[in-house]
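I opened the model to look up its sheets, its largest pocket and a few single residues. My entries follow in the order in which I went through them.

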Amino acid sequence: EKHKQHAKDELGTLRNQLLSMEMKLEEQEQYMRRDNLLFFGVEETDGENTTQKVIDICHQHFPAVKLSHSDISISHRLPAKNNRTKSIIVRFARREPRQQIFQQKKNLKGTKITVAEHLTSKRTKLMMNAAGLAKDGKIVAAWSRDGRVMIRLHDTTVNEITCDSDLEVFTRRY
């Protein structure tokens, strides 16, 4: 009986350690993506230069951002699902132009182009779930900022969410 309890305690400890490691890995993975932005809805052309396309978009829609080739470390198309236009991932050499572009993404309203942070798959799913709740009117809004998923509730409070259970807790109130 004592042996069983010891094994249960050890299993609980190992589960907590695994959970802690998963959270640290998730944080590290998101941290590695901090200099990236995703550009959706950019028309594909044969033999295209994605860096030049991004610079052209930025010059047209973000005139205050003085973007040059040296500000972009690398860019390329990502594989697409469902025959959609492939998005362009851009890694910026400096964080300042990336932040300026992301803060001014509303300038793209009315175009087919959108800009998003490069979130981990876990955070992307969480963001999509939160956006669905916003669309259904259960929360006011959902967005990401510096890799963190944020929601605004009907009482105007803003909360960071890290998992689906956070969404349940915050939406259960209303």
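How many nonpolar, polar and charged residues are in the lining of the largest pocket? I found 15 nonpolar, 12 polar and 11 charged residues there. I counted Ala, Val, Leu, Ile, Met, Phe, Trp, Tyr, Cys and Pro as nonpolar, Asp, Glu, Lys and Arg as charged, and the others, Gly among them, as polar.

**Basis.** I note that this is a predicted model, in which local features need pLDDT of at least 70 and side-chain atom pairs count only at pLDDT 80 or more, while totals for chains, interfaces and linings use all residues. Residues are numbered from 1 along each chain as its sequence is written, and side-chain values use heavy atoms, with hydrogens and water left out.

**Largest pocket.** I read its space as about 1,600 Å³. A pocket here is an open set of points on a 1 Å grid over the protein atoms alone, where a 1.4 Å probe fits, with protein on both sides within 12 Å along at least five of seven lines; lining residues have an atom within 4 Å of a point. The volume is the space filled by probe spheres set on the points, which are joined across faces, edges and corners. The lining has 38 residues, and Leu 38, Phe 40, Ala 116, Glu 117 and Thr 124 are the closest to the pocket centre.

I then asked which elements supply the lining. At least two residues each come from β1 (36-40), α3 (95-103), β4 (114-117), α4 and β5. Helix α4 gives the most, with 5 residues. Helices (H or I, at least four residues) and strands (E, at least two) are DSSP runs numbered from the N terminus.

**Sheet of four strands.** I traced an open sheet in the order β2-β3-β1-β4, with antiparallel pairing. Two strands pair if DSSP finds at least two bridges between them. Why is one side of β2 and of β4 left without a neighbour in the sheet? β2 (72-77) and β4 stand at the edges and each has a single partner strand, so one side of each is free of a neighbour in the sheet. Neighbouring strands are turned by 20 degrees against each other on average, direction ignored. Axes are lines fitted to C-alpha atoms, for helices over the stretch in contact, and angles run from 0 to 180 degrees between N-to-C directions.

β1 and β4 run antiparallel and are joined by 4 bridges. Leu 38 has Ala 116 in β4 as its bridge partner, and both are on the list of residues closest to the pocket centre.

I checked two helices against this sheet. Helix α2 (residues 50-61) packs on it and touches β1, β2 and β3 (88-92), with its direction at about 105 degrees to that of β2. Contact means heavy atoms within 4.5 Å. Helix α3 lies across β1, β3 and β4 and runs at about 40 degrees to β1.

**Lys 53.** I placed this residue in helix α2. It counts as buried because its relative accessibility is 19%; buried means under 20% relative accessible area, exposed over 50%, and partly exposed in between (1.4 Å probe, protein chains only). Leaving out residues up to four places away in sequence, Lys 53 touches Val 42, Glu 43, Glu 44, Thr 45, Glu 48 and Arg 77.

**Sheet of three strands.** I traced a second open sheet, β5-β6-β7, with antiparallel pairing. Its edge strands are β5 (141-145) and β7 (158-161), each pairing on one side only. The twist averages 30 degrees from one strand to the next.

β5 and β6 (residues 148-152) pair over 5 bridges, and β6 and β7 over 4 bridges. Arg 152 in β6 stands opposite Ala 141 and also opposite Val 158 in β7.

I looked at both hairpins. The one of β5 and β6 has 2 residues between the strands, and Asp 146 takes a positive phi near 55 degrees. The one of β6 and β7 has 5 residues between the strands, and Thr 156 in the turn has a positive phi of about 75 degrees. Is Thr 156 buried or exposed? Thr 156 is exposed, at a relative accessible area of 57%.

**Helix α4 and Ala 130.** Helix α4 (residues 121-135) lies across β5, β6 and β7 and runs at about 155 degrees to β5. Ala 130 lies in this helix and counts as buried at 0% relative accessibility. Ala 130 touches Ile 139, Ala 142, Ile 151, Ile 161 and Leu 167, not counting residues up to four places away in sequence. I read 7.3 Å between the C-alpha atoms of Ala 130 and Ile 151, which are 21 residues apart along the chain.
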